[in-house]
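Hi,

Here is the structure I promised to pass on to you. Have a look at it first, and then read my notes below.

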Amino acid sequence: MIWNRETRYTPYNAWPKSTLPALTAQVATSKWRLHNHIQPASGLLNDPNGFAYFNHQWQLSYQVFPYGPVHGLKAWQHLTSTDLIHWHDEGLAIQPDSKYDSHGAYTGTAIPVGDRLFIMYTGNVRDADWNRHAYQIGAWMDTDNQVKKITPPMIMAAPAGYTTSFRDPDLFERNGEYYALIGAQTTANRGAALLYHSSDLKQWDLQGELDLPAELRGYMVECPNLVEIDGQPVLIFCPQGLPQTTLAYENIYPNVSLVGTQFDLDQVKFTAAGAPTQLDAGFDVYATQAFNAPDGRALAVSWIGLPEIGYPTDSENWAHCLSLVKELTLKDNHLYQNPVIETKRLRENAQVLQAEVTSLTGAFETELTLAADEQVRLKVATTDAAHYLLIDLDSQTGTVTIDRRHTGHPFAEKYGQTRTTQVLRHTALKLRLIIDVSVFECYINNGYTTMTGRFFLDDAPTQLQLAGNVAAVSGTVWNWRK
Ligand code: FRU
């Protein structure tokens, strides 16, 4: 398939009926398919969308282009769950089939209002000269999962002074008033986030531009997202083109988090409690979407994938996955992330972590503690001794390094094949490592830091090997049930 404008933006109903079943059948044979992560049946998955609790269920959609492993005509693929770990595919919730979203039903969010779910997303349109138009479209989902788009769009265009790179509304409600925080770019090419206000979900007025620190803007802010934890606001966003001197990051674009003490909605002023940090210190996290669930938790899901990077599964006509659902907490103004408690239900066959564990099923988990001032090396491997994912733990220097150089299927090499994160020195180090065939999620020191990424071995990994002072490690290993 040659991916050009025409093939990327072919309306879904103009594809031959046989295309999707053939792609899905091909993808199903991939040795890199995941057991417990959300992945596309075919084509490309990117940002999580519309994460909410509604109709007695968890609701989650993702950006999808079902026809190939490229960024083409995007829709919302909708999933529901009762436990945050098993998801039921509900099909396409929002299709790019109107004049306001003809070139993509882009990222957005959702909040329950009465007995319906209110959605706002970006309608991406290209005109005959391929100029972009961005509409912020409202829609209602009912308890039968039927979505009705509202016309005309809620916001017809970016205000003066901003370009058409205007997208990804994040809806939230405060004291009965509604807000949408939207990613933007000034005509001087600086990233921005614009706050809109509405009392009735019909009339939306610009409240102002968020006072993001100048050095944190880059040239475009994607996926701005506000969540409240213990009364403190936390801002999560994706500034593109950020200098690496501002924030130490190695991925093509960072996903940043900023913990605040206050978000003054009238003044559109966010008061930071500390320095911005990378939300994830690994290779592949972007477009994280978090929301305040009615059970009191702040929940987040990330896209495990990055824009503009080829992945080995591209040749199999699929790309990317979502992270596990993570619970966000705050301690001393630091953001912690951990898989939701429900994730433990996936564990089975507990065994003691030893120098070699060889009976794993491709999806597994280990929780371990390394005593202070020790070093140990973990290998995630198949029976092929030449290929593995390496994780080095050093509780003397307080570093964790993940090395993808020996996995056999390199990608994104330009951005480096190792990632290192710094935690407390001279202190016992705790690691919770989740492996799901071709994805790893590392939670370090109870979620103080996370490191997430994809890795591609020739087969699903079945082995964990430890080297170094193995006696300094104590831990447990579980296989995961599907
Ligand atoms: C981020 C993003 C969003 C946009 C969506 C399109 O990955 O570029 O800004 O809405 O993806 O799929």
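What follows is a short tour of the ligand site and then of one sheet.

Before anything else: this is a predicted model.

Let's start with the ligand. Its surroundings are made up of Asn46, Asp47, Gln63, Lys74, Tyr106, Thr107, Arg167, Asp168, Glu222, Tyr286 and Trp303. If you sort that shell by residue type, you get five charged, three polar and three nonpolar residues. Three strands, β1 (43-54), β5 (105-113) and β9 (167-174), each contribute at least two residues to the shell.

A few side chains there are worth finding on screen. Asp168 has a polar side-chain atom 2.5 Å from a ligand oxygen. For Gln63, the distance from a polar side-chain atom to an oxygen of the ligand is 2.6 Å, and for Glu222 it is 2.8 Å. As for how covered the ligand is, on its own it would expose 310 Å², and the protein buries 92% of that.

Now for the sheet. It is an open one with six strands, paired antiparallel, and the order runs β25-β34-β27-β28-β29-β30. At the edges sit β25 (356-357) and β30 (418-422), each of which pairs on one side only. In general, strands of a sheet are joined through backbone hydrogen bonds, in either a parallel or an antiparallel way.

Within this sheet, take a look at β27 (residues 375-381) and β34 (residues 463-468), an antiparallel pair with six bridges. Which residue of β34 is the bridge partner of Leu378? That would be Leu466.

Cheers

Methods
Residues numbered from 1 in each chain as written. Predicted model: local features only at pLDDT ≥ 70, side-chain atom pairs only at ≥ 80, totals over all residues. Heavy atoms only, no water. Near = heavy atom within 4 Å. Polar contact = N/O pair within 3.5 Å; in protein donor to acceptor, adjacent residues only side chain to side chain. Areas by Shrake-Rupley, 256 points an atom, 1.4 Å probe, with all protein chains shown as cover. Helix = DSSP H or I, 4+ residues; strand = E, 2+ residues; numbered from the N terminus. Nonpolar A, V, L, I, M, F, W, Y, C, P; charged D, E, K, R; others polar. Pairing = 2+ DSSP bridges.
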